[in-house]
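Hi everyone, thanks for making time this morning. I'd like to walk you through one model, so let me put it up on the screen.

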Amino acid sequence: MASSCRRPEHTAPPDVFYNEEEAKKYSQNSRMIEIQTQMSERAVELLNLPEGQPSFLLDVGCGSGLSGDYLSEEGHYWVGVDISTAMLDVALKREVEGDLLVGDMGQGMPFRPGTFDGCISISALQWLCNADKRSHSPPKRLYTFFSTLYGSLSRGARAVFQLYPENSEQLELITTQAMKAGFSGGMVVDYPNSSKAKKFFLCLFAGVSGVLPKGLGTETSDKAVPNQVQYSGQRCRFKNMKGKSVKKGRDWILEKKERRRRQGREVRADTKYTGRKRRPHF
């Protein structure tokens, strides 16, 4: 992650970074268009939609409408949401077939329950992990987004997010908030052994527990390199407690403090006295 200083989300907020100059690249740069189309194709494949049947889909962070173009080619109807008016202006000039909406995904999805048959998002989700304003709390914004998205999807639908995680802590934050909102599923990693071709897709199930798809290029991958990360709502049991109570032990306290840190709360630092039983007072 040595290149994190060059990450777009560290440069400026999305509505500022994706200005008119940046938006033009998504309609003129053939390499960008090709990559965006390929990732959209993979995301739709992971949605596992019924064959030969048009679906009504949501494209979060739709930008200039490149993902929407692929959805239209596949015979689907779609609504695109993006925070950048410059990107949406490019989509309008390109006369995309989907409906477009200006919106901040961190403030939630303003749709009726069960509206969509699925959701895709290309290179947008990691922006929610940044606090661009003093009032922004990444855990809260992620939970608001996932909980409102969960409500807007029909039961049994999937949501697939292609993202560029900065580190494992960011991945854990994103998946934790998704599971808190009611989703099940996990991370699908394509070509896990390749530094250039490696791609992360968060595949979520709304209302049902599905089988997580396999990542591409994993047939010859090293068994020590995971290509799927399955998440559930079950809590891990502590081992080697030797009859002691699971709660109130040192392991339980450390796990609880770490969970609160991931939620963005203030927690006291761990010391050698953490979890130590106090002597009785007479």
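Let me start with a question for you: which residues in H4 are buried? Before I answer, please keep in mind that this is a predicted model. The buried ones in H4 are Leu66, Ser67, Gly68, Tyr70, Leu71 and Ser72. That is 6 of the 8 residues in the helix, which runs from 66 to 73, so H4 is mostly covered.

And what covers the buried residues of H4? The list includes two helices, H2 (20-28) and H3 (30-47). It also includes the strands E1 (56-60), E2 (77-82) and E4 (116-122). Just a small detail for those who like backbone angles: H4 is followed by Gly75, which has a positive phi, near 90°.

Let me step back for the overall picture. The protein chain has 8 helices and 8 strands. It counts 282 residues, and 44% of them are buried. Take the contacts in the chain with a separation of 6 or more: 65% of these are between residues 24 or more positions apart.

Now to helix packing, and a reminder of the vocabulary. Two packed helices are described by the angle between their axes and the distance between the axes.

We have already met H2, so let's begin there. The axes of H2 and H5, the helix at residues 85-93, come within 8 Å and cross at roughly 35°. The crossing of H2 and H5 is right-handed. On the H2 side the contact is made by Glu20, Ala23, Tyr26 and Ser27, and on the H5 side by Ala86, Met87 and Val90.

Further along the chain, have a look at H6 and H7. Their axes also come within 8 Å, crossing at roughly 45°. H6 and H7 are therefore oblique to each other. This crossing, too, is right-handed. From H6, the residues that meet H7 are Pro138, Pro139, Leu142, Tyr143 and Phe146. Their partners in H7 are Leu173, Ile174, Gln177, Ala178 and Lys180.

Two of those names come back together. The charged end of Lys180 sits over the ring of Tyr143, 5.5 Å from the ring centre.

Phe146 deserves a longer stop, as it leads us into the aromatics. How many aromatic pairs are there? The count comes to 7. In one of them, the ring centres of Phe146 and Phe161 are 5.9 Å apart and the planes are at 85°, so this pair is edge-to-face. The pair links distant parts of the chain: Phe146 belongs to helix H6 (residues 138-152) and Phe161 to strand E5 (residues 153-163), 15 residues apart. Phe146 counts as buried because its relative accessibility is 0%. Phe161 is buried as well, with a relative accessible area of 0%.

Phe146 has another partner. Its ring and that of Phe183 have centres 6.2 Å apart and planes at 75°, so this pair is edge-to-face too. Phe183 lies in the loop between helix H7 (168-180) and strand E6 (184-190), so the pair with Phe146 in H6 ties together parts that are 37 residues apart in sequence. At 3% relative accessibility, Phe183 counts as buried.

Put these together and you get one aromatic cluster, formed by Phe145, Phe146, Tyr150, Phe161 and Phe183. A charge comes in here as well: Arg155 lies over the face of Tyr150, at 4.6 Å from the ring centre.

That's my tour. Thanks for listening, and I'm happy to rotate the view for anyone.

Terms used
Residues numbered from 1 in each chain as written. Predicted model: local features only at pLDDT ≥ 70, side-chain atom pairs only at ≥ 80, totals over all residues. Heavy atoms only, no water. Phe/Tyr/Trp six-rings, centres within 6.5 Å; stacked < 30°, edge-to-face > 60°. Helix = DSSP H or I, 4+ residues; strand = E, 2+ residues; numbered from the N terminus. Buried < 20%, exposed > 50% of the residue type's maximum accessible area, 1.4 Å probe, protein only. Lys NZ or Arg CZ within 6 Å of the ring centre and 35° of its normal. Axes fitted to C-alpha atoms, helices over the stretch in contact; angles between N-to-C directions. Parallel < 35°, antiparallel > 145°, perpendicular 65-115°, else oblique. Left-handed = near helix turned anticlockwise from the far one by under 90°. Contact = heavy atoms within 4.5 Å.
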